[in-house]
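Grab a pencil and work through these short exercises with the model in front of you. Each task comes with a worked solution.

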Amino acid sequence: LVQRYVESNFTHVGAIEARGFLLGSMVAYALNKPLVLFRKQGKLPDDVLTEPYDAGYEQSVLEIHQGVLQEGHKVLLLDDIIASGATFIAAASLIRRMGASVYEVAAIVDLPELGGSRLLQDSGIRSYSLTAFASDER
């Protein structure tokens, strides 16, 4: 995954709680980029921006520290899986509210039948995954 982004021009790595933290921290370290954390509600201190979302199986709220991103910043968003896409869309909304942009969404696994990668594409957000699985593959 790191090799894909060595020559890329994004400025920050965004990691979505919780498994995305493992992936995001390694990629940020390897590429010497700042790491931005997207957390579930109530886990970040100080001033935060919040974005509610519906993942299909739960209602939740994603938060980020206010002011951590600025206009001109480009964020590579990482998590372990692309399922419904709702968490990525919520993170993208928070990024845009601070004037920054989403460079790309990346995950280890895409579950295309759940529609997340299509939702991202329809929202103008590029996505990449190392592999994809259909529900009948085991």
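**Exercise 1: Inside or outside**

Of the 138 residues of this protein, 45% count as buried, meaning under 20% relative accessible area with a 1.4 Å probe and protein chains only. Before going on, note that this is a predicted model, where local features need pLDDT of at least 70, side-chain atom pairs count only at pLDDT 80 or more, and totals for chains, interfaces and linings use all residues. Residues are numbered from 1 along each chain as its sequence is written, and side-chain values use heavy atoms, leaving out hydrogens and water.

**Exercise 2: The fold**

Task: find out which pattern the protein follows along the sequence.

Solution. Step one: count four helices (DSSP runs of H or I, at least four residues) and seven strands (E, at least two), numbered from the N terminus. Step two: read along the sequence, and you get α-β-α-β-β-β-β-α-β-α-β. Step three: check the span of the C-alpha trace, about 45 × 35 × 25 Å along its principal axes.

**Exercise 3: Long-range contacts**

Task: work out what share of contacts in the protein between residues at least 6 apart in sequence join residues at least 24 apart.

Solution. Step one: call it a contact when heavy atoms lie within 4.5 Å. Step two: keep the pairs at least 6 apart in sequence; 59% of those contacts join residues at least 24 apart.

**Exercise 4: Helpers of the lining**

Task: say which strand gives the most to the lining of the largest pocket.

Solution. Step one: strand E5 (74-82) and helix H3 (86-97) each supply at least two lining residues. Step two: E5 gives the most, with four residues.

Technical notes
Buried < 20%, exposed > 50% of the residue type's maximum accessible area, 1.4 Å probe, protein only.
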